[in-house]
Structure formats: C-alpha cells, structure tokens
Amino acid sequence: MYRSLIIDDEKPVQIAISRLGRFAYYGIEPPRYAVNGKDGLAAMREFHPDIVFVDMCMPVMDGCAFLEKAHEEFPDSQYIVVSGYDDFSYAQHALRSGACDYLLKPVDEESLNCAIEKAVKAIDPDAVFGISDTSAKTDHITPDEIVTIIKDYIESNYCTNIRISMFAEKYFFSQEYLNKLFKNKYGFTIYEYVLKLRMERAAELLAQPDIKISDIAERLGYADNHYFSKAFRTYYHVTPTEYRKGLG
C-alpha cells in the first residue's frame, strides 16, 4: 500500500483530510501527521511517504520552504497543497515547487479525492482502485451533511441556548471550521443564522398586540428583555416598541 503524510498545524484540518479521504479505496495506509515543515521533513526521512498533504502557512517552516526542500530530496513523492489562501501566487509557487494539486480550505470531499486519485495515478498509471477498500461505512458523514444537520437542529431549537462548541465536540471539527462550512453553504455563520430566525419570529410575534414584549423575549430564549431589545434594534434598526407601532 502507499504511504501518506499530512503536514498541518491545525488539528481539525488533519482530521478532515483523514476522514474525507478514501485512503483504503486508493490503496493508501492511514495517514501520519506532522505540524510544520521541519517535522514533516523529519517524518519523510523516517518512512518515505508516497503522498504528502501540506499547508502553506505553518510555524517553524512554512509550506513554500518545505516544498522546495522536500521536492529536491524526495522527487518521486506527490505533494498536495491544502491552503487557506486563495491566491494565485501561492498556487503558482506551490506548483513550481513540485505540488501536483492545490486545494482550498475548507476541504471539499470530492476535490480531495480527485487530488488523491491524481497523485496515485502519477505514481502508478496502471493503478486499480477499490480492491482493498474497507472505508464504506454506514456511519460515514460528509461536512455537507453535517452542516445540513446543524441547520435542521437550529430551525427546531433556535429559541434555546445554542452553542457552536456542542457541534464542534460532536463532529470533531473546530468552531471556526464549522462556521466556515456553514457560511459557505448558507451565507450565514451559525450564530448569524440563529439570530436571523429569532428576529424573524420576533417580528411575527410583535404583529400580535396582545403578546407582551417581555414575553416575546422569553419565548425566543432571551432571559433579559433589554438584551432582546438591543438585538432587535441592531437587526431592524428600530426598537420592538417602534416596530409594533409602525405596524399599527
């Protein structure tokens, strides 16, 4: 089987690549990890990986410096850059330094596996895939499915105390990464979406004059009426009272 190495100082990115990549399907052993270019070079000298995933921005030795040294020392290895920088100069430098592909964070499952297949084909054009695949599990869940689940949960529970940390702990992704995935798909961060639903519901309830504003605040999960009024005014640029008067 082929050997692989993930070099990234962000643990959630390491987890995302290892979970989303169909390593067994492509005949690749479970990846090993390093947190910067210097550690990555040491790991490569130890076990000579065939495929290396590398971030561009890391402490001690960044991706650019790593690629130059690694490609010179291990020219037969395939390097896949996984970067948070959507910058042509970074991509150009990476490709000139021997990278076979350049992917952007957050990692997309389809793009990641296309890059892995490309790397394997570069190593062995006659490679046949799927023979040793044991990765097809019923509990496999993609980032896209995760954010859909989060959205559905929010829509049913936006009046409760929703914390991003509970999603991060459940799905083993950082809060920042989950927010980025959610915003990429829905155009809002998780908290922005919670606020949107609360404010839209607040406007509906304010149209019913028999409901006190303090009761509306409580229904929407605000323990403090002042905090609710402040949030409403920030969102609609009028206070709840002014909004209700305007409806009349």
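This is a short tour of the model, stop by stop, with a suggestion of what to select at each one.

Before selecting anything, colour the chain by confidence, keeping in mind that this is a predicted model. The protein averages a pLDDT of 89, and 95% of the residues score at least 70. Residues 133–139 are another matter, with a pLDDT that stays under 50 and five contacts beyond four places in sequence. Where pLDDT is low, the predicted coordinates should not be read in detail.

Next, select the strands E2, E1, E3, E4 and E5, which in that order form an open sheet of five strands with parallel pairing. Strand E2 (32–34) and E5 each have a single partner strand and stand at the edges, so one side of each is left without a neighbour in the sheet. From one strand to the next, the twist averages 20°.

Now narrow the selection to strand E3 (residues 51–54) and E4, which run parallel and are joined by four bridges. Phe53 is a useful residue to pick here, standing opposite Ile80 in E4. Moving on to the other pairing of this stop, select strand E4 (residues 78–83) together with E5, and you will find them paired in the parallel sense over five bridges. Which residue of E5 is the bridge partner of Ile80? It is Asp101.

Stay with strand E5 (residues 99–104) and show its surroundings: five of its six residues are buried, so the strand is largely enclosed by the rest of the structure. Add H4 to the view, and you will see this helix packed on the sheet, where it touches E4 and E5 and has a direction making about 155° with that of E5.

Between helix H4 (88–96) and E5 runs a loop, and Ser97 is the residue to select in it. Is Ser97 buried or exposed? With a relative accessible area of 8%, Ser97 is buried, because the cut-off for that class is under 20%. Leaving aside neighbours within four places in sequence, Ser97 is in contact with Leu67, Glu68 and His71, so display those side chains as well.

For the last stop, select helix H9 (residues 190–206) and helix H11 (residues 225–236), whose axes come within 11 Å and cross at roughly 100°. H9 is therefore roughly perpendicular to H11. On the H9 side the contact is made by Leu195, Lys196, Met199, Glu200, Ala202, Ala203 and Leu206, and on the H11 side by Phe228, Ala231, Phe232, Tyr235 and Tyr236. Coloured by class, this contact shows 10 nonpolar residues, two charged residues and no polar ones.

Key: Residues are numbered from 1 along each chain as its sequence is written. This is a predicted model: local features need pLDDT of at least 70, side-chain atom pairs count only at pLDDT 80 or more; totals for chains, interfaces and linings use all residues. Side-chain values use heavy atoms; hydrogens and water are left out. Buried means under 20% relative accessible area, exposed over 50%, partly exposed in between (1.4 Å probe, protein chains only). Helices (H or I, at least four residues) and strands (E, at least two) are DSSP runs, numbered from the N terminus. Two strands pair if DSSP finds at least two bridges between them. Contact means heavy atoms within 4.5 Å. Axes are lines fitted to C-alpha atoms, for helices over the stretch in contact, and angles run from 0 to 180 degrees between N-to-C directions. Angles under 35 degrees count as roughly parallel, over 145 as roughly antiparallel, 65 to 115 as roughly perpendicular and the rest as oblique. Ala, Val, Leu, Ile, Met, Phe, Trp, Tyr, Cys and Pro count as nonpolar, Asp, Glu, Lys and Arg as charged, and the others, Gly among them, as polar. pLDDT is the predictor's confidence in each residue, from 0 to 100.
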